[in-house]
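Subject: Structure handover and notes

Dear colleague,

Please find the structure below, followed by my notes on its sheets, the helices that pack on them, its main pocket and its aromatic pairs.

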Amino acid sequence: MIEHYERLGRLVTDATAQIDGESPWLVVGAVPIQPTPVELVPASGDELRRWLQQHVADWPAPIPIASEQPATYADKLTFLPSRSPGRPATTYYCELHADGSALGALQLGTRRDSPTDDSEVWVLGEGAIAWITIALLRLMAAFAHRTMVLGEAAAEATITPGAGTAMEVWNHAGSMYGPAGGHRLSEAVSTRRTIDLARCLSPHLTMTARPLVLDLLRRFGLSGSRHIDPSGVLQRGHFTGFDEAIRAWADAIGAPSEP
């Protein structure tokens with residue numbers, strides 16, 4: 001198991017070096033314990049691009065993963081937006097490896113002045129941390145399944161900081177959207193778990209993702225999740241302004257949810 005976590009660490013470290021460090025990112029990676037390597041050829045890129053587009057089509061926010069052709073290497077495919085003048089900075093990053101390992105990353109947060117002391121912070125929505133972790137974990141499991149891999153995997157969820165500005169988690173627990181938990185962080189936060197890939201493709205997905213979400217939130221001082229209850233049921237009403245989108249997504253992937 002140690003060797004799989006070492007590979008997972010290298011996977012996450014190498015990937016974070018490829019992404020834009022100006023803003024925070026939520027990164028989720030998974031390395032199967034019993035991989036079954038497949039051959040990746042240029043045609044695989046077209047096929048996996050279509051597969052990725054279909055997979056993310058149900059997400060509650062429009063993330064254009066696989067909108068461009070992937071870069072093909074001997075052991076992996078990488079998907080990221082092309083960088084050119086006048087275009088937004090990278091908003092996603094995805095790696096699919098020949099051994100069934102995978103990693104996905106999405107930009108997270110917006111700059112706002114904190115009501116605590118009027119200093120500028122990166123605001124990370126508690127709900128965004130929840131649904132993105134769930135969505136990326138399911139994507140990792142779906143790719144492993146596609147390469148004929150099931151069983152256990154070493155999984156990691158990491159939030160990387162933005163340049164020069166600390167991060168706070170905010171939610172709507174009070175009368176208005178604001179800081180929650182009380183901890184402001186300027187360093188990356190990570191959590192690792194051994195997961196069952198098959199459970200990530202079943203109604204048990206949210207229960208599997210919940211410990212990862214809780215571990216990340218605890219680093220910011222939160223004691224629980226308002227968005228995933230202890231039974232793994234998504235609490236749509238706490239995804240303020242996105243409850244219908246969350247309902248449609250939950251129904252599409254077979255995840256339990258309630259108003």
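Strands E2 and E3 form a hairpin with three residues between them, where strands (E, at least two residues) and helices (H or I, at least four) are DSSP runs numbered from the N terminus. Two bridges join E2 to strand E3 (residues 76-79) in an antiparallel arrangement, and two strands are taken to pair if DSSP finds at least two bridges between them. Within this pairing, Thr 72 has Leu 77 of E3 as its bridge partner.

Before going further, please note that this is a predicted model, in which local features need pLDDT of at least 70 and side-chain atom pairs count only at pLDDT 80 or more, while totals for chains, interfaces and linings use all residues. Residues are numbered from 1 along each chain as its sequence is written, and side-chain values use heavy atoms, with hydrogens and water left out.

The hairpin belongs to an open sheet of seven strands with antiparallel pairing and the order E2-E3-E4-E5-E1-E8-E11, in which the edge strands, each pairing on one side only, are E2 (71-72) and E11 (189-196). E3 is joined to E4 by four antiparallel bridges, with Thr 78 partnered by Glu 95 in E4. Strand E4 (residues 92-97) in turn pairs with E5 over five bridges, again in the antiparallel sense, and here Glu 95 has Leu 103 of E5 as its bridge partner.

Helix H4 (residues 205-219) packs on this sheet, touching E1, E8 and E11, and its direction makes about 165° with that of E11; contact here means heavy atoms within 4.5 Å. Helix H1 (residues 2-16) lies across E1 (25-32), E4, E5, E8 (152-160) and E11, running at about 145° to E1. For these angles, axes are lines fitted to C-alpha atoms, for helices over the stretch in contact, and the values run from 0 to 180 degrees between N-to-C directions.

There is also an open sheet of four strands, with mixed pairing and the order E6-E7-E9-E10. Its edge strands are E6 (110-113) and E10 (178-185), each of which pairs on one side only, and neighbouring strands are turned by 40° against each other on average, direction ignored. E6 and E7 pair in the antiparallel sense over four bridges, with Asp 113 opposite Glu 120 in E7; their hairpin has six residues between the strands, and in it Asp 118 takes a positive phi near 65°. Strand E9 (residues 167-171) is joined to E10 by four antiparallel bridges, and Val 169 has Ala 180 in E10 as its partner. Helix H3 (residues 126-146) packs on this sheet, touching E7 (120-125) and E9, and its direction makes about 50° with that of E7.

As for the pocket, the largest one has a volume of about 650 Å³. A pocket is an open set of points, on a 1 Å grid over the protein atoms alone, where a 1.4 Å probe fits and protein lies on both sides within 12 Å along at least five of seven lines, and lining residues have an atom within 4 Å of a point. Grid points are joined across faces, edges and corners, and the volume is the space filled by probe spheres set on the points. Of its 30 lining residues, the closest to the centre are Gly 125, Ala 128, Trp 131, Tyr 177 and Phe 242. Helix H3 gives the largest share of the lining, five residues, and E5 (102-107), E6, E7, H3 and E9 each supply at least two. By class the lining has 17 nonpolar, eleven polar and two charged residues, with Ala, Val, Leu, Ile, Met, Phe, Trp, Tyr, Cys and Pro counted as nonpolar, Asp, Glu, Lys and Arg as charged, and the others, Gly among them, as polar.

Finally, there are four aromatic pairs, for which rings of Phe, Tyr and Trp (its six-membered ring) must have centres within 6.5 Å, planes under 30 degrees apart being stacked, over 60 edge-to-face and the rest tilted. One of them, Trp 51 with Phe 143, is tilted, at 6.3 Å centre to centre and 55° between the planes. This pair links distant parts of the chain, with Trp 51 in helix H2 (residues 42-56) and Phe 143 in helix H3, 92 residues apart.

Best regards
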